[in-house]
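Me: Hi! Could you walk me through this one before I set anything up?

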Amino acid sequence: SHDSFSFYIDEASPVGPEQPETVQNFVSVFGTVAKKLMRKWLATQTMNFTGQLGAGIRYFDLRISTKPRDPDNELYFAHGLFSAKVNEGLEEINAFLTDHHKEVIFLDFNHFYGMQKYHHEKLVQMLKDIYGNKMCPAIFAQEMMPAPWANTTDPEKLIQFLQASITERRKKGSFFISQVVLTPKASTVVKGVASGLRETITE
């Protein structure tokens, strides 16, 4: 699932550090109203991790961030706004693995924001503490998983991109991610600002 944690986005949170200055200014002027509108465009999932696992999702796209001026140096999922604490989400996935011994889950940590070496070390230790011997041995985890992205709002262009990438997939080894994702441009958001991602793009 894409931006897998985004069900948990917190409208009361600060804006994420990856957001451009225009978004930061928009929120500083319009406050809570701006964040409610943002959530309509940032929440790509309507289920929590447990719901997604029950629906068959086994690949999670995870983006991690620190919060500015957070004295606890916590790690959070983030997509424009902050979401759940990383350890809480990982524990939720671990509970599923404990009950389903034959399942395999991919955790793709592919974006990091505001993180120093210490935070990365903290994340690695968190994974070890939560998953222990459930984790795949490192020897099997060296192969990167290509994840080409069409970056379009046009469904026809997305389909053409996916069809073209099938040939590339065969050259890349065991795992390959097909991102069946339409990406809104700024103009798309402006046109559908009140309706949100689902009505404007997803359907």
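Reply: Happy to; we can go through the domains, then the salt bridges, then a few individual residues.

Me: Great. What kind of model is it?
Reply: This is a predicted model.

Me: Okay, how is the protein divided into domains?
Reply: There are two entries in the assignment: domain 1 covers 1-136, and domain 2 covers 139-202. Taken over C-alpha atoms, their centres are 19 Å apart.

Me: And how many residues of each domain are in contact with the other?
Reply: On the domain 1 side 11 residues make contact, and they meet 18 residues of domain 2.

Me: How much area do the two bury between them?
Reply: About 1100 Å², with 75% of that on carbon and sulfur atoms. In domain 1, the residues that lose the most area to domain 2 are Lys 40, Trp 41 and Phe 106, which together make up 53% of what that side buries.

Me: How many salt bridges does the rule find across that interface, and how many polar contacts?
Reply: For salt bridges the count across the interface is 0. For polar contacts, the rule finds 3 residue pairs between domain 1 and domain 2, both residues being at pLDDT 80 or more.

Me: Which elements of domain 1 touch domain 2?
Reply: Helix H1 (21-42) and strand S4 (106-113) are the elements that give two or more residues to that side. H1 has the largest share, with 3 residues.

Me: What's the mix by class on that side?
Reply: You get 6 nonpolar, 3 polar and 2 charged residues on the side of domain 1 that touches domain 2.

Me: Switching topic: how many salt bridges does the structure hold overall?
Reply: The structure holds 5. One of them joins Glu 11 and Lys 36, with the closest N and O atoms 3.1 Å apart. Glu 11 sits in the segment before H1 and Lys 36 in helix H1, so this pair ties together parts that are 25 residues apart in sequence.

Me: Are Glu 11 and Lys 36 buried or exposed?
Reply: In between, in both cases. Glu 11 is partly exposed at 27% relative accessible area, and Lys 36 is partly exposed at 46%.

Me: Any other pair that links distant parts of the chain? Which residues would that be?
Reply: Glu 103 and Arg 58 do that. Their side chains meet in a salt bridge at 2.8 Å, N to O. Glu 103 lies in the loop between helix H3 (86-99) and S4, while Arg 58 is in the loop between helix H2 (49-54) and strand S1 (59-65). The two are 45 residues apart. Glu 103 is partly exposed, with a relative accessible area of 32%.

Me: Which residues are linked in a network of salt bridges?
Reply: Asp 3, Asp 61 and Arg 63 are. Within that group, Asp 61 bridges to Arg 63, the closest N and O atoms being 2.9 Å apart.

Me: Buried or exposed, those three?
Reply: Buried. Asp 3 has 1% relative accessibility, Asp 61 has a relative accessible area of 4%, and Arg 63 comes in at 11%. The cut-off for buried is under 20%, so these values count as buried.

Me: What about backbone angles? Which phi values should I look at?
Reply: Most residues other than glycine have a negative phi. Asp 3, in the segment before H1, has a positive phi near 45 degrees. Asn 151 also has a positive phi, near 50 degrees. Asn 151 is in the loop between helix H4 (117-131) and helix H5 (155-169), where it is partly exposed at 47% relative accessible area.

Me: Last one: where is Gln 179, and what is it in contact with?
Reply: Gln 179 is in the loop between H5 and helix H6 (186-191). Leaving aside neighbours within four places in sequence, Gln 179 is in contact with His 2, Ala 147, Pro 148, Trp 149, Leu 158 and Leu 162. The side chain of Gln 179 also reaches the backbone oxygen of Ala 147 at 3.1 Å.

Me: Is Gln 179 buried or exposed?
Reply: Gln 179 counts as buried, at 16% relative accessibility.

Me: And how far is Gln 179 from Arg 69?
Reply: Their C-alpha atoms are separated by 34 Å, and the two residues are 110 residues apart along the chain.

Methods: Residues numbered from 1 in each chain as written. Predicted model: local features only at pLDDT ≥ 70, side-chain atom pairs only at ≥ 80, totals over all residues. Heavy atoms only, no water. Domains from an automatic or database assignment. Contact = heavy atoms within 4.5 Å. Buried area = accessible area lost by both parts, 1.4 Å probe. Salt bridge = Lys/Arg side-chain N within 4 Å of Asp/Glu carboxyl O. Polar contact = N/O pair within 3.5 Å; in protein donor to acceptor, adjacent residues only side chain to side chain. Helix = DSSP H or I, 4+ residues; strand = E, 2+ residues; numbered from the N terminus. Nonpolar A, V, L, I, M, F, W, Y, C, P; charged D, E, K, R; others polar. Buried < 20%, exposed > 50% of the residue type's maximum accessible area, 1.4 Å probe, protein only.
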